[in-house]
Amino acid sequence: MMIEPHDAVLIRQATKDDAPAISAVVIKTLRETNVKFYTADMIDAVATNFSVDQVEARMAERVVFVATIAGNVVGTASLHQGTVRTVFVLPDRQGRRIGSTLMARILDVAREQGLDSLTVPSAINAESFYQKLGFVYLSDKFEGSERIIIMRKELAPTERGTEAPC
Ligand SMILES: CC(C)(COP(=O)(O)OP(=O)(O)OC[C@H]1O[C@@H](n2cnc3c(N)ncnc32)[C@H](O)[C@@H]1OP(=O)(O)O)[C@@H](O)C(=O)NCCC(=O)NCCS
């Protein structure tokens with residue numbers, strides 16, 4: 001049997017049993033990372049969308065991944081009809097390529113689904129993260145006075161899994 005290093009990061013598709021851990025990761029990250037870039041009111045409003053029940057209910061219509069270390073969920077990312085949703089990595093685990101590894105899995109699914117492009121409504125603090133993954137600025141969207149950046153990544157024909165004619 002292969003023994004994983006104790007801090008190895010594993011990415012797997014989420015199950016409904018992960019809903020409490022996903023909710024906890026998102027809310028902790030909102031309150032410790034995103035709060036530096038948005039008002040407390042905005043963070044409170046967004047956090048209300050990530051109760052355990054709501055996270056579990058959305059799993060029916062999304063492809064959801066979790067990143068785990070030693071069995072504990074430390075990050076998550078999901079895809080809903082061509083839109084990247086809910087990409088969060090715990091504050092003390094950020095900067096270790098967990099977010100980009102989760103996004104690689106999202107891109108794999110997008111290719112499998114034959115999507116032409118992927119859209120993400122990015123938090124202002126995550127714009128550079130998505131830029132590094134090939135997303136480009138499309139437009140601004142405002143939730144009250146709070147700015148969200150709409151970004152898009154076109155998937156090249158090869159990225160869409162198109163095979164050369166034989
Ligand atoms: C955005 C987030 C998911 C990135 O996850 P991560 O695991 O820290 O990112 P990675 O370690 O994979 O970083 C990949 C690259 O993006 C860069 N990057 C990551 N977060 C960044 C940030 N906030 N600002 C600037 N660059 C960032 C890294 O420096 C790295 O660059 P490199 O390829 O030149 O080394 C994470 O910081 C997070 O959870 N933020 C708070 C929640 C959030 O805003 N999510 C986005 C919602 S739209």
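1. Surroundings of the ligand. In this predicted model, 20 residues surround the ligand, and those that come nearest are Q94, G99, S100, A126 and S128. Four elements each give two or more residues to this shell: strands β4 (83–89) and β5 (117–123), and helices α4 (98–112) and α5 (127–132). By character, the shell residues divide into 10 polar, 7 nonpolar and 3 charged.

2. Order of the elements. The protein chain contains 5 helices and 7 strands. Read from the N terminus, they follow the order β-α-α-α-β-β-β-α-β-α-β-β.

3. Overall dimensions. A compact globule of 166 residues would have a radius of gyration near 15 Å, and the protein chain, with 16 Å, agrees with that expectation. Along the principal axes, the C-alpha atoms fill a box of roughly 55 × 50 × 30 Å. Buried residues account for 28% of the 166 residues. Among contacts with a separation of 6 or more, 62% join residues 24 or more positions apart.

4. Length of helix α1. This helix covers residues 19–32, which makes 14 residues. At 1.5 Å a residue its expected span is 20 Å, and its end C-alpha atoms are indeed 20 Å apart, so expectation and model agree.

5. The buried face of α1. Which residues of α1 are buried? They are A19, I22, S23, V25, V26, T29 and L30. Viewed down the helix axis, the buried residues fall within an arc of 165 degrees, and therefore they line one face of α1. The general background is that an α-helix has 3.6 residues a turn, so residues three or four places apart point the same way. The partners against which the buried residues of α1 pack are helices α2 (40–47) and α3 (52–58) and strands β2 (63–69), β3 (72–80) and β4.

6. A positive phi at A70. Most residues other than glycine have a negative phi. A70 is not glycine, yet its phi is positive, near 50 degrees. This residue lies in the loop between β2 and β3. A70 counts as exposed because it has 12 C-beta neighbours inside 10 Å, and a residue with 12 or fewer is classed as exposed.

7. A positive phi at T86. Phi is also positive at T86, another residue other than glycine, with a value near 55 degrees. T86 is found in strand β4, an element that gives two or more residues to the shell around the ligand. Is T86 buried, exposed or partly exposed? With 19 C-beta neighbours inside 10 Å, T86 counts as partly exposed, since 20 or more would be needed for a buried residue.

Technical notes. Residues numbered from 1 in each chain as written. Predicted model: local features only at pLDDT ≥ 70, side-chain atom pairs only at ≥ 80, totals over all residues. Near = placed C-beta within 6 Å. Nonpolar A, V, L, I, M, F, W, Y, C, P; charged D, E, K, R; others polar. Expected span 1.5 Å × (residues − 1). Arc of directions from axis to C-beta. Contact = placed C-beta atoms within 7 Å. Rg over C-alpha atoms; globule rule 2.2 N^0.38 Å.
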